[in-house]
Amino acid sequence: MNNINLENQEKKLRKRQLINAALIGFLASIFVIGTVASIYKKNALGMITM
């Protein structure tokens with residue numbers, strides 16, 4: 001492979017890693033917000049809906 005192909009693959013990999021990190025962060029924040037909300041409302045069943 002030449003340098004141009006390697007650079008293109010590296011760009012795709014970085015983009016994929018960024019998207020994966022953003023999705024994981026988004027899902028983790030939903031979990032944390034749901035947990036805090038269920039504790040605040042003292043509603044243990046609120047965890048089931050997540």
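Helices, as the word is used in these legends, are DSSP runs of at least four residues, numbered from the N terminus.

**View 1. The whole chain, a predicted model with 2 helices and 0 strands.** The protein has 50 residues, and 8% of them count as buried. About 4800 Å² of the protein is exposed, and 67% of that area is supplied by carbon and sulfur atoms.

**View 2. Helix H1, which covers residues 3-41.** With 39 residues at 1.5 Å a residue, H1 should span 57 Å, and because its end C-alpha atoms are 57 Å apart, the expected span and the distance in the model agree. Within this helix, Gly34, Thr35 and Ser38 are buried. Just after H1 comes lysine 42, whose phi is positive, at about 55°.

**View 3. A salt bridge between glutamate 10 and arginine 14.** The structure holds 1 salt bridge, and in the pair shown here, glutamate 10 and arginine 14, the closest N and O atoms are 3.2 Å apart. Both residues belong to helix H1, where they are separated by 4 residues, or about one turn of the helix. Glutamate 10 has a relative accessibility of 44% and therefore counts as partly exposed, and arginine 14, with a relative accessible area of 48%, is partly exposed as well. Both assignments rest on the cut-offs used here, since a residue is called buried under 20% relative accessible area, exposed over 50%, and partly exposed in between.

**View 4. The segment before H1, with asparagine 2.** Asparagine 2 has its place in the segment that precedes helix H1, and from there its side chain reaches the backbone nitrogen of asparagine 5 at 3.1 Å. The relative accessible area of asparagine 2 is 42%, so this residue is described as partly exposed.

**View 5. A nonpolar surface patch made by Phe26, Leu27 and Ile30.** Together, these three side chains, those of Phe26, Leu27 and Ile30, make a nonpolar patch of about 310 Å² on the surface. Phenylalanine 26, one of the residues in this patch, is found in helix H1. Its relative accessibility is 51%, and phenylalanine 26 therefore counts as exposed, given that the cut-off for an exposed residue is a relative accessible area over 50%.

Technical notes: Residues numbered from 1 in each chain as written. Predicted model: local features only at pLDDT ≥ 70, side-chain atom pairs only at ≥ 80, totals over all residues. Heavy atoms only, no water. Buried < 20%, exposed > 50% of the residue type's maximum accessible area, 1.4 Å probe, protein only. Areas by Shrake-Rupley, 256 points an atom, 1.4 Å probe, with all protein chains shown as cover. Patch = residues over 30% accessible without salt bridge, like charges linked within 9 Å, V, L, I, M, F, W, Y side chains within 5 Å. Salt bridge = Lys/Arg side-chain N within 4 Å of Asp/Glu carboxyl O. Expected span 1.5 Å × (residues − 1). Polar contact = N/O pair within 3.5 Å; in protein donor to acceptor, adjacent residues only side chain to side chain.
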